[in-house]
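Q: I would like a close look at one part of this protein, taken slowly and with the surrounding chain kept in view. Please go through it in connected prose rather than as a list.
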Amino acid sequence: MSASHGLCRFCLIFVLTIVFLALLFYLTYRPIKPVYYLTAFSLLLNSSSSSAPGAVVASFELAIKNRNKELGVYHDDLGLSLSLPPFNSSSSATAVVPGFYQGHHRTASKEGFFNPSSSSSKRPWAAVANGSAVLLIAVESAVRYKAVAWRSRRHRVSLAAEVAIDREGKKTAEDRIRFHSGAPRVCRDAPFRHSITAVVLVAFAALMLNGRL
């Protein structure tokens, strides 16, 4: 009887150990999406250009933070678009940031310039360049996560942020502006993970107490 009881206890401890290790592995290597910030932006009327008088020059600087402690991130090319109210494609400019690899727990800084699209007119941009306005910057890309030799599938990135500029064409916000998706961010699996952790810890505590009795 005691041998059968000891075997059952051993099997239970083995199963709980596997569950605990699987949970620990999941919490350690669970991918966390990078965070995108707009750290600098300016929209200026380049009146000194002889080749394109009255051209608008829009520059930007991004900060991309990889919050994963154990996972690197492969970024595809970042496609950026800059739009005027009412934020339609007829008055937009575009930019492309080449893809890159980002190490775990690193922050990358990327800067560039927007080029007016062929369908957009320079007149509305010139009007905004000398007055305050609210612009929309959108980011489209995809990321893959890397751990040792493993690479995940591509995860789409579709974010946007509104930036207010003053009469000098610079962003009014002193702090960096974070890009967000349109959908509300709800972490549905957090209570589940916490419940599993609590169950495993309670089971281990019960086994230790039963072993001492």
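Is R156 buried or exposed? Starting from there, please describe strand 8 (residues 133-147), including the strands with which it pairs.

A: R156 is exposed, with a relative accessible area of 67%, where exposed means over 50%, buried under 20% and partly exposed in between (1.4 Å probe, protein chains only). Before going further, please keep in mind that this is a predicted model, in which local features need pLDDT of at least 70 and side-chain atom pairs count only at pLDDT 80 or more, whereas totals for chains, interfaces and linings use all residues. Residues are numbered from 1 along each chain as its sequence is written, and side-chain values use heavy atoms, with hydrogens and water left out.

The side chain of R156 meets that of E140 in a salt bridge, at 3.5 Å from N to O, the term standing for a side-chain nitrogen of Lys or Arg within 4 Å of a carboxyl oxygen of Asp or Glu. E140 lies in strand 8 and R156 in strand 10, so this pair ties together parts of the chain that are 16 residues apart in sequence. Unlike R156, which is exposed, E140 counts as partly exposed, at 35% relative accessibility.

To place strand 8 in its setting, the chain comes to 3 helices and 11 strands, these being DSSP runs numbered from the N terminus (helices are H or I, at least four residues; strands are E, at least two). In sequence order the pattern reads α-β-β-β-β-β-β-β-α-β-β-β-β-α. Of the 213 residues in the chain, 33% are buried. Among contacts (heavy atoms within 4.5 Å) with a separation of 6 or more, 67% involve residues 24 or more positions apart.

Strand 8 has several pairing partners, two strands being counted as paired if DSSP finds at least two bridges between them. Strand 10 (residues 155-165) runs antiparallel to strand 8 and is joined to it by 11 bridges, with A138 standing opposite A160 in strand 10. Strand 4 (residues 78-83), also antiparallel, is joined to strand 8 by 5 bridges, and here L82 has I137 as its bridge partner. Strand 3 (residues 72-75) is likewise antiparallel to strand 8, with 4 bridges between them, and Y74 is partnered by R144.

At residues 150-151, strand 9 pairs with strand 8 in the antiparallel sense over 2 bridges, R151 being the bridge partner of K146. These two strands form a hairpin with 2 residues between them, and in the turn V148 has a positive phi of about 60°. W150 lies in strand 9 and is partly exposed at 43% relative accessibility. Apart from neighbours within four places in sequence, W150 is in contact with L71 and Y145; the C-alpha atoms of W150 and L71 are separated by 9.8 Å, although these residues are 79 apart along the chain.

Strand 8 also has a place in the protein's interior. In soluble globular proteins, nonpolar side chains tend to be buried together. In this model the largest nonpolar core (buried Ala, Val, Leu, Ile, Met, Phe, Trp, Tyr and Cys residues joined through side-chain atoms within 4.5 Å) has 36 residues, and F41, L80, F114 and L135 are those with the most contacts inside it. Two or more residues each come from strand 1 (35-46), strand 2 (55-65), strand 4, strand 5 (92-97), strand 7 (107-116), strand 8 and strand 10. Strand 8 gives the most to this core, with 7 residues.

Returning to the charged residues, the structure holds 2 salt bridges. Besides the pair of E140 and R156, the side chains of D76 and R154 meet at 2.8 Å, N to O. This pair links distant parts of the chain, 78 residues apart, with D76 in the loop between strand 3 and strand 4 and R154 in the loop between strand 9 and strand 10. D76 counts as partly exposed at 23% relative accessibility, and R154 counts as partly exposed at 48%. In general, side chains of opposite charge can pair when their charged atoms come close.
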